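Please open the structure in your viewer and keep the selection tool at hand. The stops below go from one group of side chains to the next.

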Amino acid sequence: AYTMLVRLGAIVAVLAAVATAFNKYVPEPYMDEIFHFKQTQEYCQNNWHIWDEKITTLPGVYIAATFVFKLLSAALGVSTLSICTLQNMRYVSVLFGALNYVLIHRLIEQNLGPKAPKNLVWQHSLAIFLFPVMFFFYFMFYTDAGGLSCVLLCLYCFNQALWPYRQQLTSNKIFPRDAFSLVSKIWILAAGVSGLCAIVFRQTNVIWVAFGAASVLIKLYEASSKQIREVGSFPTPSELIGFLRFGLSNIPSIILVFWPVLLVGGIFGAFLIWNGSITVGDKTAHAAVFHWPQLLYFFLFSFVFLVWNFMDDLTTTLRQLSRHLSFAFLFRNPFQTLATVIFVGLNVVLISRFTYAHLYLISDNRHFTFYIWKKGFEKYFYARYLLIGLYYLAAWFILGQLLRQRSALWKLLFIACAGLTVIPAKLIEFRYFLIPFNIITIYGTPIRSSGMRALQILTYIAINVATIALFLFK
């Protein structure tokens with residue numbers, strides 16, 4: 001515990017120092033911060049009825065910041081508005097960043113188990129925390145840091161609900177479906193509350209609340225089933241039917257145990273009916289579309305930032321890849337051959353018909369995606385098709401190697417949730433990939449080589465330093 005406090009203190013000190021630099025060199029609201037800043041100032045003045053129609057998300061981050069400022073104003077004896085500044089709002093993001101490190105560390109401890117080497121746990125946690133796309137937004141007053149905190153807390157609570165029964169789960173004994181203890185039910189309640197908070201930060205987080213609940217049900221089903229498929233295989237129709245029967249036959253128990261999560265789902269459904277859209281404001285610019293390539297972009301994006309995992313045991317990985325793509329393997333596995341052909345053919349069609357370039361993407365050069373699109377996809381039209389091979393490699397590595405310890409049902413659930421998160425978005429924005437990327441890294445197999453883990457951490461630090469220096473001084 002002492003070591004953890006020391007590490008957390010060091011992280012808070014670094015975050016605070018970088019946030020201070022942001023406040024010094026970029027004292028004015030940047031991009032969407034102008035909307036978040038003004039809305040929070042209205043709440044700090046108790047103008048709860050005032051709302052900026054350009055804001056697309058629910059007011060979670062504004063409520064959280066206002067709550068912090070009101071506590072501080074009471075403690076310091078000053079007015080709330082006097083400390084409700086952009087600079088202090090950015091420090092609220094720093095607090096969420098520190099919380100994220102703690103939650104990532106705890107989730108990795110849960111998933112790797114108590115016997116996992118401590119060095120592996122904290123180094124893996126640090127690497128995930130330093131992930132460049134997320135790290136940058138610990139110093140900006142955006143919804144991402146707080147939204148991620150709530151989602152991670154929700155997943156942690158779901159894991160804790162199953163913790164008393166971990167022996168039955170790991171030994172595949174029949175699970176006592178109706179024997180959830182009071183403590184486990186309280187953890188489910190906590191998951192529901194944190195899930196509701198996650199949705200109030202960003203509406204699409206409802207998908208990951210459902211992911212957490214469905215993950216619990218999958219664990220219960222697999223522990224109760226006498227026919228557990230080998231890890232890493234595709235789910236068969238019988239497995240899917242079996243899982244569906246399991247859910248239908250246990251509806252009373254599911255309602256009794258998961259009522260807080262079901263209530264959150266009901267509240268969100270009522271919001272959709274009342275609002276007429278998942279987007280709160282600026283609905284025209286953020287209308288949902290079927291942007292299929294977004295899922296492909298996500299897999300490739302994740303593969304690029306997890307290339308160290310690919311190189312961790314490069315010889316074995318390349319051997320498995322060559323075997324996977326060999327003609328002998330494909331001929332012996334007609335299902336795999338068919339799946340490969342369908343993957344390529346279907347993606348050619350879907351990419352040609354459902355590739356979008358949002359107005360914000362092609363007109364705003366303050367995003368990395370602007371240059372990727374302009375210098376790549378727009379300039380070289382056929383690049384989008386030539387990348388199908390890389391998309392296949394990325395999906396194969398993430399699902400077949402990095403998540404090889406996860407069951408086929410779990411992987412199917414993850415793909416569905418990742419797809420529901422990114423495919424409806426017309427705008428290509430790396431921030432939309434943050435939560436599914438964190439799910440992959442937390443639940444996936446960590447890098448075994450300490451040297452490769454160190455290289456990953458150092459590379460992330462170098463990217464962060466370069467990105468922040470470019471932002472502050474250019």
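Begin by selecting E429 and R431, which form a salt bridge whose closest N and O atoms are 3.9 Å apart; keep in mind throughout that this is a predicted model. E429 counts as buried at 9% relative accessibility, and R431 is likewise buried, with a relative accessible area of 14%.

Now add D144 and R202 to the selection, since these two belong with E429 and R431 in a network of salt bridges. The side chains of D144 and R202 meet in a salt bridge of 3.6 Å, taken from N to O. This pair links distant parts of the chain, with D144 in helix 8 (residues 144-162) and R202 in the loop between helix 10 and helix 11 (206-224), 58 residues apart. D144 is buried, its relative accessible area being 7%.

How many salt bridges does a search of the whole structure find? The search finds 5, and another one to select is the pair E33 and R90, whose side chains meet at 2.7 Å, N to O. Here too distant parts of the chain are linked, as E33 lies in helix 2 and R90 in helix 5, 57 residues apart. E33 counts as buried at 0% relative accessibility, and R90 is buried with a relative accessible area of 0%.

Stay with helix 2 and turn to the cysteines. The structure holds 1 disulfide, formed by C44 and C84, with their sulfur atoms 2.3 Å apart. C44 is in helix 2 (residues 33-44), while C84 is in the loop between helix 4 (80-83) and helix 5 (86-112), so that the pair, 40 residues apart, links distant parts of the chain. The link of C44 and C84 is right-handed, with 80° about the S-S bond. C44 counts as buried at 5% relative accessibility, and C84 is buried at 0%.

Next select C154, and ask why its sulfur has no bond to that of C157. The sulfur of C157 is the closest cysteine sulfur to that of C154, but at 6.8 Å it is too far for a bond. C417 is in no disulfide either, the nearest cysteine sulfur, that of C154, being 12 Å away. C417 is buried, with a relative accessible area of 6%.

Finish on the surface by selecting L189, V193, L196, W259, L263 and I267, which form a nonpolar patch with about 530 Å² of accessible area together. Helix 10 (182-201) and helix 13 (251-275) are the elements that give two or more residues to this patch. L196, placed in helix 10, is partly exposed, with a relative accessible area of 32%.

Methods
Residues are numbered from 1 along each chain as its sequence is written. This is a predicted model: local features need pLDDT of at least 70, side-chain atom pairs count only at pLDDT 80 or more; totals for chains, interfaces and linings use all residues. Side-chain values use heavy atoms; hydrogens and water are left out. Patches are made of residues with over 30% relative accessible area and no salt bridge: like charges are joined within 9 Å, nonpolar side chains (Val, Leu, Ile, Met, Phe, Trp, Tyr) within 5 Å. Accessible areas come from the Shrake-Rupley method with a 1.4 Å probe; for residues, only the protein chains shown count as cover. A salt bridge is a side-chain nitrogen of Lys or Arg within 4 Å of a carboxyl oxygen of Asp or Glu. Helices (H or I, at least four residues) and strands (E, at least two) are DSSP runs, numbered from the N terminus. Buried means under 20% relative accessible area, exposed over 50%, partly exposed in between (1.4 Å probe, protein chains only). A disulfide is a pair of cysteine sulfur atoms within 2.5 Å.
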